[in-house]
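User: I should like to learn how the terms used for a protein model are justified. Please take me through the reasoning step by step.

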Amino acid sequence: MGKTIAQKIMASHLLSGDMTPGSEVALRIDQTLTQDATGTMAYLEFETMGIPRVKTELSVAYVDHNTLQCGFENSDDHRYLQTVTAKHGIYFSRPGNGICHQLHLERFGKPGKTLIGSDSHTTTGGGIGMLAFGAGGMDVAVAMGGGAYYITMPKLYKVNLTGKLRPYVTAKDVSLELLRILSVKGGVGAIIEWGGEGVATLSVPERGTIANMGTEMGATTSIFPSDEVTRKFLAAQGREGDYVPLTSDPDAEYDRIIDLDLSTLKPMIACPHSPDNVVAVESLKGVKVDQVCIGSCTNSSLYDMLKVAAMLKGKTIDPSVSLSVSPGSRQVLTMLSDCGALSDILASGARVLECACGPCIGMGFSPNSGGVSLRTFNRNFLGRSGTPDAQVYLVSPETAVASALTGYITDPTTIAEPLNVTMPEKFLVNDSAILPPLPAEKAADAPVLRGPNIKEFPKSRAFSDSLTAKLVLKVGDNITTDHIMPAGAKILPFRSNIPYLSKFCFEVCDPTFPERAKAAGDGVIVGGSNYGQGSSREHAALVPMYLGIRCVIAKSFARIHIANLINAGILPVTFENPEDYDKLNQDAVLTLLDIAAGMERGRLTVTADDGFQFYVNCVLTARQKAILLAGGLLNYTREGGM
């Protein structure tokens, strides 16, 4: 039997395990990336491991999330990141240089390589033929130290593309259509491979958009072939030597095949407050728009920005609309300036923001109260924009511009004039804002500078054989990491200060949670389906651990979050009978007995203080059991595990 692209890369990087879906595999990791919202914690974790120099082929630290320096906290974190990376062999991308995923695609991504990053949208690397995974910071720290990356072998889906996109229909619309088909849970436990004759019509930036959005389907990752389109992109970046061809075998087998005819697709839009709440743009014609934001790691490439500029050229946005444009990298911004496209954007009345995540992570440009905001981003979770009652929609750059010009949600295919954009044969290459690490001989004596906001990593606790704990919080389905540990300008500066950060845990669901959790001593959270979807932020596990949460019982978990819970020493279990969820009340006291034996057999008994008894599944690998019994990944690593 032939192999898929993912199987070929995994086979060449397999350290242990067998590639049977559902089995645990350990992979050698070639590259890692971090960003500043998660990176500070990842490097604190790396330092605790006591390894002097990273052992990967390449590791890069990007500053793109916490770029607003309203106080000393973000500046101190950036200084820490610059000094700790210089000491330990990691490249450092300075604030303002751009968004990690856009930059990594431009300057470092290599077909056939493995990449993990402490950001869920690291999957963008699949657009260039990498096997790229989002992961928690601890997993990234271990990989930098030479350890394996462990995942459950996913199922394999293939999306067969035929035809060609019509004018004003985009890669973003492809992603939204697949989200409509699969939902935010439909890709869980699967790698999505994109193939078929239609793939050749998509540029690498378009492929990156699609691979980026696969995360919103819960997919383990997404991947495209490495072909002539890939070679031309790398050559334009001055990196043709990084090219290797990579395709699936003709007789490769997949667990599911989905056919999409690109020529039949329409502009699509995700309505509040979920990326899979997708309808055709034409169905919302006439909805008033207050704000439009263009950018993010999903849609900030030069190709996207040139189309935006071409649509805005000679026009002015509607007076009732506030429009922001965030180029994805300094390369993109400079090339827009050099060709005159930036002037066309500015002349339209748009505000050009820094090359950073910005509004996507809630870092500025929040909508007006109750406002309708169209965003070319990947998430529209409730409150993520910074305005609790905002109505956020996800769209393509073309739909965004058309709507900014009219003041209403507008289908861009109704525009009569053609959209002609020519990509340059060569990109401007200037890596002066990417700082190389110190040579090994100078690194030993180099100082690492820490500010007062950087607090000690919280200590987790090993499990005893029984646990009695209060059910501190009961929540519903599709609880995101934004629910658990919100982002935004108010909170992000404290990512390296777990005690302070804990004040905001679950504030979207229940502002009283932090105090009640601390008062309980030991706590349990009960959730519905797909608990922990969204970002890879390990703070959504570390902060509950700091607050005393020992166990989370849910109907099902998102992939990255369940790994983060285990790494933090929190026991994740699922209801054997999902109907038992309805029988539990908040503030009940739950007891788990014979925990080690229950882990071994994969089933635990839970008894509530009212006498109600139920069973939970605890399907763990031998390594995961050892991590939990040690009290988390760092304890396990210190004890000799890796």
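**Terms and their grounds**

Analyst: A word of caution comes before the terms: the model is predicted. A residue that serves well as a starting point is Gln-35, which is in contact with Tyr-62, Asp-64, His-65, Cys-100, Ser-118 and Asp-119, leaving aside its neighbours within four places in sequence. Gln-35 belongs to strand β3, residues 31-35.

User: Why is Gln-35 called buried?

Analyst: The relative accessible area of Gln-35 is 3%. A residue counts as buried under 20%. Gln-35 is therefore buried.

User: What makes the pair of Gln-35 and Asp-119 a polar contact?

Analyst: The contact joins the side chain of Gln-35 to the side chain of Asp-119 at 2.9 Å. The cut-off is a pair of N or O atoms within 3.5 Å, with one able to donate a hydrogen and the other to accept it. The pair is accordingly listed as a polar contact.

User: How do you know that β3 is covered on both faces?

Analyst: On one side stand Gln-31, Leu-33 and Gln-35, on the other Thr-32 and Thr-34, and all are buried. The count for the strand is five buried residues of five.

User: What makes β3 and β4 paired strands?

Analyst: Pairing requires at least two bridges. Five bridges join β3 to β4, residues 58-62, and the two run parallel. Gln-31 has Leu-58 as its bridge partner in β4, and Leu-33 stands opposite Val-60. From β3 the chain passes through helix α2, residues 36-49, to reach β4, in a β-α-β crossover that is right-handed.

User: How do you know that β3 also pairs with β6?

Analyst: Three bridges link β3 to β6, residues 114-117, in the parallel sense. At least two are needed. Gln-31 takes part here too, with Leu-115 as its bridge partner in β6.

User: What joins β6 to β7?

Analyst: Four bridges do, and these strands run parallel. One partnership is that of Gly-117 with Gly-134 in β7. Strand β7, residues 131-134, has both faces covered: Leu-131 and Phe-133 on one side and Ala-132 and Gly-134 on the other are all buried.

User: Why are β7 and β20 called edge strands?

Analyst: The six strands form an open sheet in the order β7-β6-β3-β4-β5-β20, with mixed pairing. Strands β7 and β20, the latter being residues 434-435, each pair on one side only, and they are the edge strands. In general, strands of a sheet pair through backbone hydrogen bonds, either parallel or antiparallel.

User: What makes a space a cavity, and how many are there?

Analyst: In a cavity a 1.4 Å probe fits but cannot get out. The count is seven cavities of 30 Å³ or more. The largest cavity has a volume of about 210 Å³. Among the 24 residues that line it, the closest to its centre are Gln-35, His-65, Asp-119, Ile-361 and Arg-384. Helices α2 and α4, the latter being residues 100-107, each supply at least two residues of that lining.

User: What is the volume of the largest pocket, and which residues are closest to its centre?

Analyst: A pocket, by contrast with a cavity, is an open set of points. The volume of the largest pocket is about 940 Å³. Its lining has 41 residues, and the closest to its centre are Thr-152, Arg-559, Ile-562, Val-619 and Gln-624. The elements giving two or more residues to this lining are β8 (149-152), α18 (559-567), β24 (571-575) and α20 (622-630). Helix α18 provides the largest share, seven residues.

User: Which residues of α18 are buried?

Analyst: Ile-560, His-561, Asn-564, Leu-565, Ile-566 and Asn-567 are buried in α18. Just after this helix, Gly-569 takes a positive phi of about 85°.

User: Why is Ser-535 called buried?

Analyst: Ser-535 has a relative accessible area of 12%. The limit is under 20%, so Ser-535 is buried. Ser-535 is placed in the loop between β22 (523-526) and α17 (539-546).

User: What does Ser-535 touch?

Analyst: Not counting residues up to four places away in sequence, Ser-535 touches Ser-120, Arg-379 and Thr-481. A polar atom of the Ser-535 side chain lies 2.9 Å from the backbone nitrogen of Arg-537. The C-alpha atoms of Ser-535 and Thr-215 are separated by 8.8 Å, although these residues are 320 residues apart along the chain.

Methods
Residues numbered from 1 in each chain as written. Predicted model: local features only at pLDDT ≥ 70, side-chain atom pairs only at ≥ 80, totals over all residues. Heavy atoms only, no water. Buried < 20%, exposed > 50% of the residue type's maximum accessible area, 1.4 Å probe, protein only. Contact = heavy atoms within 4.5 Å. Right-handed = clockwise from strand over helix to strand, strands pointing away. 1 Å grid on protein atoms, 1.4 Å probe; cavity = no way out; pocket = protein on both sides within 12 Å on 5 of 7 lines; lining within 4 Å. Points joined across faces, edges and corners; volume = space filled by probe spheres on them.
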